[in-house]
Amino acid sequence: MNISVIGTGYVGLVVGACLAETGNDVICADVVESKIEGLKRNVLPIYEPGLEDLVERNQTDGRLTFTTDIRAAVESADVLFIAVGTPPDEDGSADLQHVLAVASDVGKYMTRELVVVTKSTVPVGTAQKVAAAVGREARFPFHMCSNPEFLKEGAAVDDFMKPDRVVLGVDSEFARNVMAEIYAPFVRTGNPVIFMDIPSAEMTKYAANGMLATRISFMNEVANLCEKVGANVDMVRRGIGSDSRIGSSFLFPGPGYGGSCFPKDVKALVRTASEMGMDLRILGAVEQVNQTQKLRLGEKLRNALGDDLTGIHVAIWGLAFKPQTDDMRDAPSLTLIEELLEAGATVCAHDPAAMKEARHKLGDRISYAETNYDALSGADALVVVTDWNEYRHPDFGRVKDHLRRPVVIDGRNLYDPEKMAELGFSYFSMGRAPVELPLAERVGEYA
Ligand SMILES: NC(=O)c1ccc[n+]([C@@H]2O[C@H](COP(=O)([O-])OP(=O)(O)OC[C@H]3O[C@@H](n4cnc5c(N)ncnc54)[C@H](O)[C@@H]3O)[C@@H](O)[C@H]2O)c1
């Protein structure tokens, strides 16, 4: 099948490469020339495990091509995926300008009967707007499909290749048949393709992200309360996660959710509801809890080192909003770094994948370390923000030797508090009792 994907970000590139892998002829188009030039040379603009091999193989085999010529991409398509960004507008609603700009190009340049698929996360009613924009100029019949994407950055290729489910909102038998054919290779093990009407498909994506964000904020509040009442959130998590009605995923406390999806999708859903005269109180609270949770690491640092952070030097492990990605959009690390710089502290950071992105976002306002141990030199505390595997079992002897004070703030509960106590660290984690060395050891002798 001739498939074009407009927008080659995290979603578009994964979709394009995976659809080429199953034998389709795929054109990926984007307006950013440097991105496309890089991709033609197999230089990926993002870090995503497994994606580079896929792009290289399919490009070499001639099934995957990259272009900035949107017109050419539309002209040769039987199926066209719109995978451009939908960033939050000032009022929290999803900004549809890129989606609608593509739709209008589609109408202008289509050369045959076409299935137009919205892959971007868009509010209910968007497919109708896209159809109207395509229809204004279209000279051939077209069909709409809402196909929300559920991939997780860091495991995106796997998620697309072996989806838990595929959601397809369609408006015609034609679209249904074409989409069933495209997805057949990905659901051979029996995971469901769920066909539905278009508004339900659009809503499904927001409801899924709303639910996941709710679990995170819920668990973060439980963790904060555990600290107050002397409970251990790890035990509580295991205690509730083993209930089959609850399940164990997405119950880990942390420094708040970030990334390109949860923050904006929660806001957009709240906004959609308010346009309908409804107040989504739960999701409003989820968002608020998340914002305050992002301040918890700074609070813990102040608990450990005292209120005045002027001149304090902090090592940060992990900048990406989660492991296995270089994405720093709305990352908790950014909130912490801004807070520290504002307070007169200095920061040296390490991340296995997001250093380039961090330099782009933060420039020389912080310093960057080649290795996670280098980041510790002369630091008054280590703050672990992202749970990359390589931070899970560090050489604590080296950590202690490098740090100026043995203070570790663990935003991801990677370490065992008892062990940290034995090793002589002051150790503050999420929803668990702190391990506090006498203040003199922590602060006094260095003052
Ligand atoms: N990133 C994720 O994990 C994820 C998961 C599921 C769904 N989504 C949704 O998918 C959509 C895309 O997300 P993303 O993370 O890939 O975004 P992104 O910002 O990484 O990529 C969007 C791309 O679209 C391009 N673009 C913008 N306007 C264009 C136009 N008129 N023509 C051609 N290209 C254009 C941009 O240059 C950019 O390369 C969003 O709606 C997002 O909510 C994202």
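This is a walk through a predicted model, stop by stop, with something to select at each one.

**Before you start**

Residues are counted from 1 along each chain as its sequence is written, and side-chain values use heavy atoms, with hydrogens and water left out. Because the model is predicted, local features need pLDDT of at least 70 and side-chain atom pairs count only at pLDDT 80 or more, while totals for chains, interfaces and linings use all residues. Helices (H or I, at least four residues) and strands (E, at least two) are DSSP runs, numbered from the N terminus.

**Stop 1: helix α2**

Select residues 33-40, which make up helix α2. Which of its residues are buried (under 20% relative accessible area, with exposed meaning over 50% and partly exposed in between; 1.4 Å probe, protein chains only)? They are Ile36, Gly38 and Leu39. Look down the axis of α2: these buried residues fall within an arc of 160 degrees, so they line one face of the helix. That arc is taken from the directions from the helix axis to the C-beta atoms. Now colour Glu33 and Ser34, the exposed residues carried on the face turned away from the buried side.

Next, show α1 (10-21), β2 (25-29), α3 (51-60) and β3 (64-67), since the buried residues of α2 pack against these. Contact here means heavy atoms within 4.5 Å. Before you leave, click on Asn42, just after α2, where phi is positive at about 60 degrees.

**Stop 2: strands β5 and β6, and a cavity**

Jump to residues 142-146, strand β6. Four of its five residues are buried, so β6 is largely enclosed by the rest of the structure. Add strand β5 (residues 114-118), which pairs with β6 in the parallel sense over five bridges; two strands pair if DSSP finds at least two bridges between them. Thr118 stands opposite Ser146 in β6.

Keep both of those selected, because Thr118 and Ser146 also line the largest cavity. A cavity is a set of points, on a 1 Å grid over the protein atoms alone, where a 1.4 Å probe fits but cannot get out; lining residues have an atom within 4 Å of a point. How many cavities of 30 Å³ or more does a search of the whole structure find? One. Its volume is about 50 Å³, counted as the space filled by probe spheres set on the points, with grid points joined across faces, edges and corners.

To complete the lining, add Ser120, Thr121, Val122, Pro148, Glu202, Lys205 and Tyr206. Helix α9 (residues 198-229) gives the most, with three residues.

**Stop 3: the second largest pocket**

Select Pro123, Val124, Lys129, Thr272 and Glu275, the closest to the centre of the second largest pocket among its 13 lining residues. A pocket is an open set of points with protein on both sides within 12 Å along at least five of seven lines. About 200 Å³ of space lies in this one. Both α6 (126-137) and α11 (262-275) supply at least two lining residues, and α11 gives the most, with four. By class, the lining holds six nonpolar, four polar and three charged residues. Ala, Val, Leu, Ile, Met, Phe, Trp, Tyr, Cys and Pro count as nonpolar, Asp, Glu, Lys and Arg as charged, and the others, Gly among them, as polar.

**Stop 4: the six-stranded sheet**

Show the strands in the order β11-β10-β9-β12-β13-β14: an open sheet with parallel pairing. β11 (367-368) and β14 (426-428) stand at the edges with a single partner strand each, so one side of each has no neighbour in the sheet.

Zoom in on β13 (residues 407-410), where Val407 and Ile409 point one way, Val408 and Asp410 the other, and all are buried. Three bridges pair β12 with β13, and Val383 has Ile409 as its bridge partner. On the β14 side, three bridges again join the strands, with Tyr427 as the partner of Val408.

**Stop 5: Ile316 and helix α14**

Finish in strand β9 with Ile316, which counts as buried at 0% relative accessibility. Beyond its neighbours within four places in sequence, Ile316 has contacts that include Leu336, Ile337, Leu340 and Val383. Leu336, Ile337 and Leu340 are among the buried residues of helix α14 (residues 332-342). The buried residues of α14 pack against elements including α13 (296-305), β9 (313-317) and α15 (355-362). Your last click is Gly344, which follows α14 and has a positive phi, near 90 degrees.
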